[in-house]
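Got your viewer open? Let's take a short walk through this model, from the whole chain down to one residue.

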Amino acid sequence: MKILCVIDCLGSGGAQRQLVGLAAAFKGQGHDVSFLTYHPLNFFKHQLDEKGILVICVDERNYIKRFFKIRRHIRHSKANVVLAFLVSPAFMSECAGFPFRKWKLIVGERSADPKILTSLTQRIIRWFHLGADYVVANSHENINMVQKAVPFLSKSKCKVIYNLIDLEKWQPDLTYEYRKNGKFTLLVAASHQYIKNLIGLVEAVNLLSEQEKEQIRIDWYGDKGDDSQAKALEKIAQYHLTGIFNFHPATSGISQKMQEADAVGLFSFYEGFPNVVCEAMSLAKPVIASAVSDVPDILGRYNFLIDPKNPQAIAGQLSKLLQTSEAELKNIGTKNREKA
């Protein structure tokens, strides 16, 4: 079977990680797999090159020209299946099917963005899902939003599939020792966007006691998406928190970095089902995360759930995390691995 994967880019995002993983699995089963992108970001490209998966990038900045180039490529690809992740790639793939198509079309929702229900533009775009064979999301919250936005969308073609993860690669270190060098290390793996809420985390850390500030180290791995990091750095300097926050670019070795952390955090205002939560659970790490989408159902009450809009609530859970004993941290990690 010939499968064409359509996505905006091969940057370090969660949707890209999932689609690249799917493509590699399909290739391993003997299918002919290729990629179509339109932004030249290539964090995951080497993984596709190693698998012999062709990547075509339509690097066109003019939106109208890009639309028609993407449409032309899809219609001439001779694919049996087009698999499109994220809103814009899905929309363009759905439009490429007009007035007729011979291929199956599966589109992937990934973010559970509240604008699906509040923005007229976002609602209109979702109506094009009526032209897809299946709409797949990685959270029940996301698929419920889509169904509310498009009430005529058949429930039978709406599916929820949680993120894939290689449990052999993401193996816990059973000999791990917490609070090495007297610091509790919290790792965050997220791009620098306002929705990831670095500023809220900074405000929360500033509310901790001086003793608690001495105990915590935060390592944030991610590339720039907007100017949110610059705004956060101003607050970090203002609050004298420079020694707590450490920023690193996105890395393909994030599994090793997570192994070396005491806990993993995610403070986003909204998410679908985040890769970082799956990965942390697989590594038997405690998780502090926003109580959004399906995250509370997956993590349960024994992890540390926060309201991302409330710095005081974030600070309270950070304080609780810092006070948790090594035995209890290990117990939480064990439960997370079992659930993963």
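Start with the whole chain selected and its surface switched on: about 16,100 Å² is exposed, with carbon and sulfur atoms supplying 53% of that area (Shrake-Rupley method, 1.4 Å probe; for residues, only the protein chains shown count as cover).

A quick heads-up: this is a predicted model, where local features need pLDDT of at least 70, side-chain atom pairs count only at pLDDT 80 or more, and totals for chains, interfaces and linings use all residues. Residues are numbered from 1 along each chain as its sequence is written, and side-chain values use heavy atoms, leaving out hydrogens and water.

Now switch to cartoon view. You'll find 15 helices and 13 strands (DSSP runs numbered from the N terminus: helices are H or I with at least four residues, strands are E with at least two). Show just the C-alpha atoms, and they fill a box of roughly 65 × 40 × 35 Å along the principal axes.

Next, colour by burial: 49% of the 340 residues count as buried (under 20% relative accessible area; exposed is over 50%, partly exposed in between, with a 1.4 Å probe and protein chains only).

Time to zoom in. Select helix α6, residues 120-127, and pick out Gln-122 there. Is Gln-122 buried or exposed? Neither: its relative accessibility is 21%, so Gln-122 counts as partly exposed.

Who does Gln-122 touch, setting aside neighbours within four places in sequence? Select Val-87, Lys-115 and Ile-116, which are in contact with Gln-122 (heavy atoms within 4.5 Å).

Last stop: select Val-146, 24 residues from Gln-122 in sequence, and look at the C-alpha to C-alpha distance of 9.9 Å.
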